[in-house]
Each structure stands twice: as structure tokens, then as C-alpha cells.
Amino acid sequence: MTTVTTGPAAHGGAGPTTVLRCTDVTRTFGRGTGEVHALRGVSLAVAAGELVVVRGPSGSGKTTLLNVLGGLDVPTSGRVRLGERELTTADPDEVLAARRDEVGYVFQSFGLVPVLSAAENVEVPLRLRRTPAGERAARVAEALDRVGLAGHADQRPDELSGGQQQRVGIARALVARPRVLLADEPTGQLDSATGRRVMDLLRELVHDDGVAAVVTTHDPELVARADRVLDLHDGLLRDGATPAA
Amino acid sequence: MPENRYENPGGPARPTPRPGQEHFTAPVDEGGLGAVDAVRADDAPTSLWGDAWHAMRRRWLFWVSAAVIVLVILVAAFPGLFTSIDPRVCDLSKALQGPQAGHPFGFDRQGCDIYSRTVYGARSSVVVGVLATVMVVLLGTTIGAVAGYYGKWFDTILSRITDIFFAIPLVLAAIVIMSVTADRTSFLVAFVLALFGWTQIARITRGTVMSVKNNEFVTAARSLGMSRGQILVQHVLPNSSAPIIVYATVALGQFIVAEATLSFLGIGLPPSVVSWGGDISAAQGAIRTDPEILLYPAGGLALTVLGFMMMGDVVRDALDPKARKR
């Protein structure tokens, strides 16, 4: 079992600002001889406004960790606490509500709906929360403006560059003001210059909005943008080197 | 020769790799976000159907098939605009007379005006074709979408049911059912055709939904807190619609042929309803002596089916340009 106790949130146990916490989480796929231990006792606490980077090679369990933290997957054992909700004991409707109300996701290949425009993609989380139409339009415009895409609201994902698509993805993740942001290799499909700019933008938004963010990557370039770096190897989480200040 | 083969004489010096950095990185410009914006903000926004419309309107085949379809629909909806003669008023003394003033196609064996019967015959074909197509789209996409999206035992059961219906020949099954039915209306003919004709569309939908549901945007929709039903209806089905629409256009033509086949065999629409299939059947007896009376209902049928089939081809090409380039 590995417990990571560094970082502002972890001092003295559950600090008042801890938004996301998982304790002793394991996730095992398959059975018998084909059993794969994707996570082997992972504990982690993330504070509001903190950008945690989890790095590790492919297959180290990064995506599984994010899925478990965001309530998209159920851990084999251990507990996940998201805000005031205990995800591991909640019923499916409550997990659905937690995902809708508390979590913003950013995906490696953007995950934008191809038939919807940039603005419509950003609007989806607000529609799910039944935000009134007038407020929806204003918040979508504001979110697109923050990621520098105010003039691209009516374009479909196919008509945008990779960097622009990922910025739409970030706008969508943050438009409903979640408390937790989970990003799975957000720069994995971008060239290094674009990737760095997207990561700078992500860092700025996380700090401005006070969101607890967990970002996975295996790009050493991006680690420098983190408040805290953790290494995930074979399902075990360890403190990584603190990024150069 | 430079000592370091990575050196670029005259260009910017390459950075020394930092500890932990496994590879060299090229010097990059550190411009703002605008530097990576490949698409201009003022580019005209388009949609899937906007693109398809742009591709279709440049093809003459689209305009020809659209003209045929519009004409057939107009004839079916407002036959009175095209003829003032009642197709059921026949005069045996005029049987098999050739074209004459006011009767451009001549008269059939019963002395009925062929032009008027051809005009009125369009309605039953179009009504049966459209009704049957709407029914198979509803039934086939529902079954295919549930099987493809929910998988597991839903898929096992629904796919086996699809296989069973797929093994039954459409016209044969329709003959069996229609031959024991007394009240043969257009709705009933369409219903029977749809009951045995939904399998292909279910298979197409299942396959498309299975590939669409693995897209990252479906995971994204889940992460946003959408329920599975919402994701299926709002994201997966709209993104699977292109092949369904293409097949529906082609199926419409096939159902029109099937209706004509049943009417030809005498078990489709009753003789009191004017239909191309019924008229083809009636003309059959005079095929050696007066083959031209067969020509008009058969020509109307062929033209209508051709119109829908060509439209199906054009729509398919527009929605899937890769298919055209093969």
C-alpha cells in the first residue's frame, strides 16, 4: 500500500480544503490467472486550487485511477470521497449526480460530439444541470472567451485544430464550475508547443477557479506546470520529484 | 563538419537536454494561443448536412432524382391536378383503343383511361412505400440500437430474433399473411411489409451504434453525468443516422416494388384500389396482342423506384465521400 501525504491538502489529514480523497483504492480486472491489478492500494488527497500531475508509463494505471476518482469506474476495494459524497457506497443515481455536479473531465482525444458546434459541446453540462437558457448562453460565451475561442463558437470539432479542440474540451469541463477537474493525458495528441500552451491555460484556470485538478501525463515537459508530482508505476503511487520551482 | 551531428549551422543552438528529459526538443516559437489556431474565426461554419448538401447539389444525378421524386409525390398527393378523368369510369366499347385526343395513353382491356389510371396508381405505391419505410426505420433502429448499445443478453436475444426474421423471404412471408387477410388496406400492406422488412436496418443500426458507442465523446457524455438512455438518444443515434437514412431511401424503392408484386399476385391491394401492380397484372393477359398497355404502369413503377434508388446513391456518396473515391 502506498500513501501519499505530501501537498497542501494532506497535512494533518483531511484539511478543510480537501475536495477529492481516495483511500487504499485497489482495482483488479479479470479473474484467476488473467487477473490484472491496475491499482494496488492508492491513497491521495487533492486540495482546492491544487494541480496534481500523475505521471507514469502506458499501462501504469493512470486512466483507471482517473476513472475511479471521477466515479466512472468502481474500485475493487478502498474508498473514494468527492466533496461530501462517498462514491464507493453511493447508489448509481448519486454517483451520476456527483459526476454531473462536481467533476469536469478533459480527454486525450478531446471527446467532443462531432455533430455539435463548439458552443453546443460546451453547453452540454449546463443543459444536464437544467441551467436556464439565458444563463446558459452567457456562461458558454464566457467559457469560450476564457479559452480564447470566442470567435469559433459555431464551428464543429472537425473544423478546429487539435489545440482548439482541446480548449473546447477544457471550456466544457469548467463551464459548470466543478470542484474537481480530471484530465487524462490532455496534451497526448498535441504537438509540444501547443501542448505546453494548453497546459499553461489549464494551470491558470485551475488556480483562478480554485479547482482540485488531477492530470495524468507521461510527458516530462508538462510536469513543470504541476503544484505536485506523483509517480504511478504498476498500480503503486509514489511521491515524484518536486517540479523545478 | 560540426562535432555534433545534431548541430544546425547558422540556426538556433539546440538546448541541452535537462535531467530526466529523454529526447531533444526542437526550438519552438513561444507565441500566444493564436499561433496554433489553424482555422480562422470567420470561416463559414457548416454542419454534417450542410456539407452533404454542398456535395449533392453539384451532381446532376441529385437534381434528376429529386425532380422525379417531387413529381411522383405531387402526382400521388394531387392526382386531380394532372387529370380530370375518373380512373374507375370505364367504357368497354373503347377497350384497347389507342391514344386519342384527351386520352394520350389510350384505353386498357376494360376500356379505362390508361393515363388516368397511371396517375392515380402513384398514390397507393407512394403511400405503401412511405408507410412501410417509416415503420421499418422505427422498428429496425429501436431493435438495432438497443442490441448494439446495451450489448450482453439484449444483443444475444435481439440479434437471434433478427436472424430468424432475416431468414424469412419478405415477399413469401407477405404472401402467406396477405392471403389469409380479408380487409387489405394500404396500411395493412405496409405493416406486413414492415413486419418482415426491418431486419436489414436493424443490422445496420446495430453495427453503427457499436462503433459509435466506443468513441471518446460517449465516455465524455458519461463523465458529464448523462444517463445511458440520454447518451443513446442524444449522442449515439444522431451520430449513427447517416447509414440509416441512406438505407431508408433505398428501402422505400424496394417496398414500392414489393407492394406492386403483391398487387400483381392479387393479394396486395384489392382491385377496387387503383395501383400500378394491379394494372400490370390486368395488362398481363394482353401482353402478346397489346404490350403497350403494360408499358405505362410498369414505366411509372420503374421511374419511381429508380428515383428513390438514385437519391439513395447520391445521399450515400454525400455522407460518405470515401465510398465514392473507391
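Helices are DSSP runs of H or I with at least four residues, and strands are runs of E with at least two. The model shown in every view is predicted.

**Figure 1. Two annotated transmembrane spans of chain B, residues 161-181 and 293-315.** By the DSSP assignment, residues 161-181 of chain B are 76% helix and 0% strand. The end C-alpha atoms of residues 161-181 are 25 Å apart. Residues 293-315 of chain B are 100% helix and 0% strand, with 34 Å between the end C-alpha atoms. The unreviewed UniProt entry also places the feature "transmembrane region" at residues 60-82, 126-149, 187-205 and 244-267 of chain B.

**Figure 2. The annotated domain of chain B and its helical setting.** UniProt, in an unreviewed entry, lists residues 122-312 of chain B as "domain: ABC transmembrane type-1". Over residues 122-312, chain B is 79% helix and 0% strand, and the end C-alpha atoms lie 20 Å apart. Chain B as a whole contains 13 helices and zero strands. Of its 326 residues, 38% are buried. Where contacts in chain B join residues at least 6 apart in sequence, 69% of them link residues at least 24 apart.

**Figure 3. The largest nonpolar core, centred in this view on Leu144(A).** This core has 89 residues, and Leu144(A), Ala171(A), Leu181(A) and Ala213(A) have the most contacts inside it. Strand β3 (residues 36-47) of chain A contributes the largest share, seven residues. Not counting residues up to four places away in sequence, Leu144(A) touches Ala118(A), Ala119(A), Val122(A), Leu149(A), Ala150(A), Ala153(A) and Ala171(A). Another core, of 61 residues, lies apart from the largest one and includes Phe107(B), Ile280(B), Met310(B) and Ala318(B).

**Figure 4. Helix α6 (residues 192-209) of chain A and its covering elements.** With 18 residues at 1.5 Å a residue, α6(A) should span 26 Å; the end C-alpha atoms are 25 Å apart, which agrees. The buried residues of α6(A) include Thr194(A), Arg197(A), Met199(A), Leu202(A) and Val206(A). Among the elements covering the buried residues of α6(A) are β4 (51-55), α4 (133-146), α5 (162-175), β8 (180-184), β9 (212-217) and α7 (220-223) of chain A. Gly210(A) follows the helix and has a positive phi, near 65°.

**Figure 5. An open six-stranded sheet in chain A.** The strands are ordered β7-β8-β9-β4-β10-β11, and their pairing is mixed. At the edges stand β7 (103-106) and β11 (236-239) of chain A; each has a single partner strand, so one side of each lacks a neighbour in the sheet. On average, and with direction ignored, neighbouring strands of this sheet are turned by 20° against each other. Within the sheet, β4(A) and β9(A) run parallel and are joined by five bridges. Leu51(A) has Ala213(A) in β9(A) as its bridge partner. Ala213(A) is also listed with the residues that have the most contacts inside the largest nonpolar core.

**Figure 6. The hairpin of β2(A) and β3(A).** Strand β2 (residues 18-29) of chain A runs antiparallel to β3(A), and nine bridges join the two strands. One of the bridge partners is Ala45(A) in β3(A), paired with Arg21(A). Six residues separate the strands of the hairpin, and Gly30(A) in the turn has a positive phi of about 75°. The strand β3(A) is also the element that supplies seven residues to the largest nonpolar core.

Terms used
Residues numbered from 1 in each chain as written. Chains lettered and ligands numbered in written order. Predicted model: local features only at pLDDT ≥ 70, side-chain atom pairs only at ≥ 80, totals over all residues. UniProt positions renumbered as here; feature names shortened; annotations may be inferred. Core = buried A, V, L, I, M, F, W, Y, C linked by C-beta atoms within 7 Å. Buried ≥ 20, exposed ≤ 12 C-beta atoms within 10 Å, placed from the backbone. Contact = placed C-beta atoms within 7 Å. Expected span 1.5 Å × (residues − 1). Pairing = 2+ DSSP bridges. Axes fitted to C-alpha atoms, helices over the stretch in contact; angles between N-to-C directions.
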